[in-house]
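Got the model open in your viewer? Let's walk through it one selection at a time.

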Amino acid sequence: MDGKIHIPARKKEPVTSRQVIRVSAEAYNALVGIYNESTLSMSAIASLIVLQSVDRVVFDKEGV
């Protein structure tokens, strides 16, 4: 593997306010494990993980 996070490409407009997303039970439980070792809120942890992972994402575009 190349150490990147491969995600199929798609388009959605950005927002300026907080949004709710649903995650799998497995992802939620992984977040709980991190939360139990941290002093941050679950929301803050999830936000940090996403923002620190952005540069590792590769968009796999079909037909390219």
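Start by selecting strand S1 (5–8), H1, H2 and strand S2 (57–60): each of these supplies at least two residues to the lining of the largest pocket. Keep in mind that you're looking at a predicted model. The pocket they help to line has a volume of about 1400 Å³.

To find the middle of that pocket, pick Ile-21, Val-23, Ala-46, Ser-47 and Val-50, which are the closest to its centre of the 32 lining residues. Which element gives the most to the lining? That's H2, with 8 residues. Now colour the lining by class: you should get 22 nonpolar, 5 polar and 5 charged residues.

Next, hide everything but helix H1 (residues 25–35) and helix H2 (residues 42–53). The two pack at an angle of about 110°, and their axes are 10 Å apart. Because angles of 65 to 115 degrees count as roughly perpendicular, that's the label for H1 and H2. Show side chains for the contact: on the H1 side, take Tyr-28, Leu-31, Val-32, Ile-34 and Tyr-35, and on the H2 side, Met-42, Ile-45, Ala-46 and Ile-49. By class, this H1–H2 contact has 9 nonpolar residues, with no polar and no charged ones. Ala-46 is worth a second click, since this H2 contact residue is also listed among the closest to the pocket centre.

Last stop: colour by pLDDT. The chain has a mean of 90, and 95% of its residues reach 70 or more. Where is confidence lowest, and where is it highest? S1 is the low end, at a mean of 84, while H1 is the high end, at 97.

Methods: Residues are numbered from 1 along each chain as its sequence is written. This is a predicted model: local features need pLDDT of at least 70, side-chain atom pairs count only at pLDDT 80 or more; totals for chains, interfaces and linings use all residues. Side-chain values use heavy atoms; hydrogens and water are left out. Axes are lines fitted to C-alpha atoms, for helices over the stretch in contact, and angles run from 0 to 180 degrees between N-to-C directions. Helices (H or I, at least four residues) and strands (E, at least two) are DSSP runs, numbered from the N terminus. Angles under 35 degrees count as roughly parallel, over 145 as roughly antiparallel, 65 to 115 as roughly perpendicular and the rest as oblique. Contact means heavy atoms within 4.5 Å. Ala, Val, Leu, Ile, Met, Phe, Trp, Tyr, Cys and Pro count as nonpolar, Asp, Glu, Lys and Arg as charged, and the others, Gly among them, as polar. On a 1 Å grid over the protein atoms alone, a cavity is a set of points where a 1.4 Å probe fits but cannot get out, and a pocket is an open set with protein on both sides within 12 Å along at least five of seven lines; lining residues have an atom within 4 Å of a point. Grid points are joined across faces, edges and corners, and a volume is the space filled by probe spheres set on the points. pLDDT is the predictor's confidence in each residue, from 0 to 100.
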